[in-house]
Amino acid sequence: MTSRWYSGTMGPVRLLPLTLVLTAAMAVVPTSQATTNLTLVLTSLTTVTQTHDGAPKGKANKGDSIDFKDLLVATGNQLGKKKGKPVGYDAGTVLYTSATSQKIEGVTTFPGFGSVTFAGKMTTAKDGTTTVPIVSGTKQFKGVKGMLVIGNGNQKAPNTYVLTLLHPLALPGSA
């Protein structure tokens with residue numbers, strides 16, 4: 001017995017709904033998998049630090065920590081702001097896991113856009129920069145992946161956010 005699914009003039013008509021569904025699904029897949037790379041080069045200005053120094057005092061050791069808050073300023077026209085203008089702020093804690101290694105947890109907030117959370121081992125490169133994984137985001141940063149690169153400096157340091165976003169950022173008020 002032959003199937004009527006593919007025979008006669010009804011075959012193409014019966015396949016039409018399936019074809020439309022598959023075509024629509026294929027059109028959605030590239031959009032949902034499309035990503036946007038974004039690099040933000042900012043200057044981090046320390047506004048608050050609180051050191052928790054356990055014994056032996058004055059020497060970095062396991063269990064010591066530093067709480068911090070920083071203002072982030074644009075180094076060029078970024079996120080709808082001109083060079084030198086604040087674009088966000090971050091806050092977090094550095095925890096010494098030994099006398100020579102640290103891990104960090106923090107959140108960077110970009111008002112009008114959302115926030116990114118960075119956390120993990122702080123890895124120092126030969127050039128003195130430190131990298132930290134970006135592990136999550138909110139609002140326009142939802143699904144973000146990437147790396148925070150912290151440059152040299154005590155009260156002022158370059159911070160570079162190398163991000164892969166699910167979609168391009170939209171400036172607040174544009175839509």
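Buried, as I use the word today, means under 20% relative accessible area, and exposed means over 50%. Keep those two cut-offs in mind; the model is a predicted one.

I'll start with backbone geometry. Most residues other than glycine have a negative phi, and most peptide bonds are trans. There are three exceptions to go through here.

Take Leu79. Its phi is near 55°, a positive value in a residue that is not glycine. Leu79 sits in the loop between strand 2 and strand 3, the latter being 86–96. Is Leu79 buried or exposed? Its relative accessibility is 14%, so Leu79 counts as buried, the cut-off being under 20%.

Next, Lys139. Phi is positive again, near 50°. Lys139 is also a loop residue, between strand 7 (130–137) and strand 8 (145–150). The relative accessible area of Lys139 is 69%, so this residue is exposed.

The third case is a peptide bond. Ala55 and Pro56 are joined in cis, with omega about -5°. Pro56 belongs to the loop that runs between strand 1 (36–52) and strand 2 (65–74).

Now the pocket. The largest one holds about 620 Å³ of space. Its lining has 26 residues, and those closest to the centre are Val94, Met122, Ile150, Gly153 and Asn154. Which elements give two or more residues to that lining? They are strands 1, 2, 3 and 8, together with strand 4 (102–110) and strand 9 (156–165). By class, the lining of this pocket has 13 polar, 10 nonpolar and three charged residues.

That's what I have.

Notes. Residues are numbered from 1 along each chain as its sequence is written. This is a predicted model: local features need pLDDT of at least 70, side-chain atom pairs count only at pLDDT 80 or more; totals for chains, interfaces and linings use all residues. Side-chain values use heavy atoms; hydrogens and water are left out. Helices (H or I, at least four residues) and strands (E, at least two) are DSSP runs, numbered from the N terminus. Buried means under 20% relative accessible area, exposed over 50%, partly exposed in between (1.4 Å probe, protein chains only). On a 1 Å grid over the protein atoms alone, a cavity is a set of points where a 1.4 Å probe fits but cannot get out, and a pocket is an open set with protein on both sides within 12 Å along at least five of seven lines; lining residues have an atom within 4 Å of a point. Grid points are joined across faces, edges and corners, and a volume is the space filled by probe spheres set on the points. Ala, Val, Leu, Ile, Met, Phe, Trp, Tyr, Cys and Pro count as nonpolar, Asp, Glu, Lys and Arg as charged, and the others, Gly among them, as polar.
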